[in-house]
Each structure stands twice: as structure tokens, then as C-alpha cells.
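Colleague: Could you take me through one part of this model up close? I'd like to start with a single helix and then see what surrounds it.

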Amino acid sequence: MSKVILILIDGLRVDTLSAVSTPNIDRIMSKGAWTQDARTVTPSITLPVHLSIFTGMTPGAHGVMTNTDIPDFSEECLSLFQWARVHGRTTAMYYNWEFLRRLAPPGCMTHSVYLDTALEPGGDMTIARVAAQGICAIHPDFAFVYFGCLDETGHAHGYESKAYEKTLVRADEAVGYLLDALARDDAADQYTLFFQSDHGGIEFDHDTACPEVLTIPWMVTGPTVRSGQLVPEEKISTLDTFASILHCMDLPCPSQNRGRVIKEVFNPLPCQ
């Protein structure tokens, strides 16, 4: 069994990731398995996509289609946080977009910190510092770290703007701070780390079903993860994150799940 950290940068375009210097994201990619050709769900809106990541269900199935919808969690729709809690695992979330508190009903998380920093130039680094302190203090079985500044910059200045590129550089620095903190704490060997985005963007939004929006990076690194580019027969979907994380944690998937475990990234399989 492995503990898991999921890092997500909201609104990250894969072509910008390739064009801008991001040495810390590159560290994840160089040590682990990766693709820059994964696909998100539609509607490609932040809360619906996140509910798909955390339930393994399409937006049509979990019913959250906008950023203001309230999820109806039930036996037919369980979030990863709920499922981990049912199985006695500890969880944590560190984030700077408030609507993400809807990823789980109250009482499911061991540690949760929201800070309203997504519009601040150093907002992601603030989250990284809090996340590093929390994870290294309690070593949760699953932690979610969300950086929201890039998407806010895309909406304000455009997803192909210089401001967007500069914000990505700062988000990469936040990722590096977290990675370094884990290494100093000797926690890195305890965790399998997933990294992805929820969607890309074009012009000033991400509601168009085009490659610039629907294509996302997806990476995994850890003690039992193969290194190298992933070229699976079936394109990796953001729905697959749910099943793959549960697989790492040696937890069964609830029947609602529509994603698959990306078993080809693990060598040997973490649960064997």
C-alpha cells in the first residue's frame, strides 16, 4: 500500500507547459510515467471536472454541470474522501478556490485548509507552504493540493498571454517547494505522487470542446512507478485518476467508477 498526493494546477495548457521553463514539473515527469495527451471530461468546467476526478463518474452521472451545483453524495456517488474515510484512511486538502469544499460532505477529511489566495501573485506558493507543513506533520494517507492562480490568470489575461506564462512559472515554483519539503521530511518515499490539470483554456475561457481545452497533462511518480512517456492503447482520461489512486492505496473501487486503473505505470504493481 502507498500513500498518495494529488497535485493539480487548474487551467494548465499542455503546449504552454512544453514552451515554458518548469523545472519542478519536469522533475516529476523525468522520474515517473507521464503523458501530455490525456483528456478531460465535458463540460470542461472546474467543479464538474473535479467531481469526475474524485468520483470516477462523468458529469452526466454525478450531476454537477456548473461551478455552483451542489453535489448529491449518496451510495451511488461517493467521493474519494468519503471512500477513504469508510476504509479508515486519513485525508487532507489544501486549496485556494472555495467551491472545492464541495468535493466531499462534512466529516470526511482529517485536515482541510482553504485560503483565498488565487488572485494573488504568490497565492499558489502560500498554498504550497501550508500543504508542506500539514503533510509533513500528519502524513495523511491521501492529500490533495490545488493551485488555482493559473486559471484565474487565464480568465483575466488570456490563456496564451505572457501573464499566463509567468503565473505558470510561479505555480512550478510552488510545486518545487512542496517536493523539496517532502524530500527533507523523508516523506517522499512514502508517497506516490499524481500530477495533472483539470482542463486547458483558449482565449479567456475553457468552455469550448477543442484540443486546447480538453487535452491535459497526467503524470505519476513514486517508489514503484515506471519512468517514461505513456503511450497507452486507450487515451488516459481524467476519470482514470480515481481508480488509479485507489489502486495505489490498496482500496477497492466503488461500483460507480467508470475509469480504469492505469496499471502500465506501476512496476511492480504497488499492491503486490
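Which residues in α10 are buried?

Modeller: First, the small print: this is a predicted model, where local features need pLDDT of at least 70 and side-chain atom pairs count only at pLDDT 80 or more, while totals for chains, interfaces and linings use all residues. Residues are numbered from 1 along each chain as its sequence is written, and side-chain values use heavy atoms, leaving out hydrogens and water.

Now to your helix. The buried residues in α10 are Asp240, Thr241, Phe242, Ala243, Ser244, Ile245, Leu246, His247 and Cys248. The helix covers residues 240-248, and nine of its nine residues are buried. Here, buried means under 20% relative accessible area, exposed means over 50%, and partly exposed is in between (1.4 Å probe, protein chains only). Helices (H or I, at least four residues) and strands (E, at least two) are DSSP runs, numbered from the N terminus.

What do those buried residues pack against? Their partners are the strands β1 (3-9), β5 (142-147), β6 (191-196) and β7 (215-221), along with the helices α3 and α5 (80-86). Contact, by the way, means heavy atoms within 4.5 Å.

Go past the end of α10 and you reach aspartate 250, in the segment after that helix. Aspartate 250 isn't a glycine, yet has a positive phi of about 60°. With a relative accessible area of 46%, aspartate 250 counts as partly exposed. Glutamate 203 is another non-glycine with a positive phi, in this case near 55°. You'll find glutamate 203 in the loop between β6 and α9 (211-214), and its relative accessible area of 57% makes it exposed.

Back to α3, one of the elements packed against α10. Look for serine 52, which sits in α3 (residues 46-55). Serine 52 is buried because its relative accessibility is 0%. Its side chain makes a polar contact with the side chain of histidine 62, at 3.1 Å. (A polar contact is a pair of N or O atoms within 3.5 Å; within protein, one must be able to donate a hydrogen and the other to accept it, and residues adjacent in sequence count only if both atoms are side-chain atoms.) Leaving aside residues up to four places away in sequence, serine 52 touches Val41, Met57, Thr58, Pro59, His62 and Leu239. In the loop between β2 (33-39) and α3 you can also pick out proline 43, joined to threonine 42 by a cis peptide bond with omega about 0°.

Finally, a look at α8 (residues 162-184) and a helix beside it. Helix α7 (residues 149-157) and α8 pack at about 175°, with axes 9 Å apart; the axes are lines fitted to C-alpha atoms, for helices over the stretch in contact, and angles run from 0 to 180 degrees between N-to-C directions. That makes the pair roughly antiparallel, since angles over 145 degrees get that label, while under 35 is roughly parallel, 65 to 115 roughly perpendicular and the rest oblique. Cys149, Leu150, Thr153, Gly154 and His157 of α7 make the contact with Ala163, Tyr164, Thr167 and Leu168 of α8.
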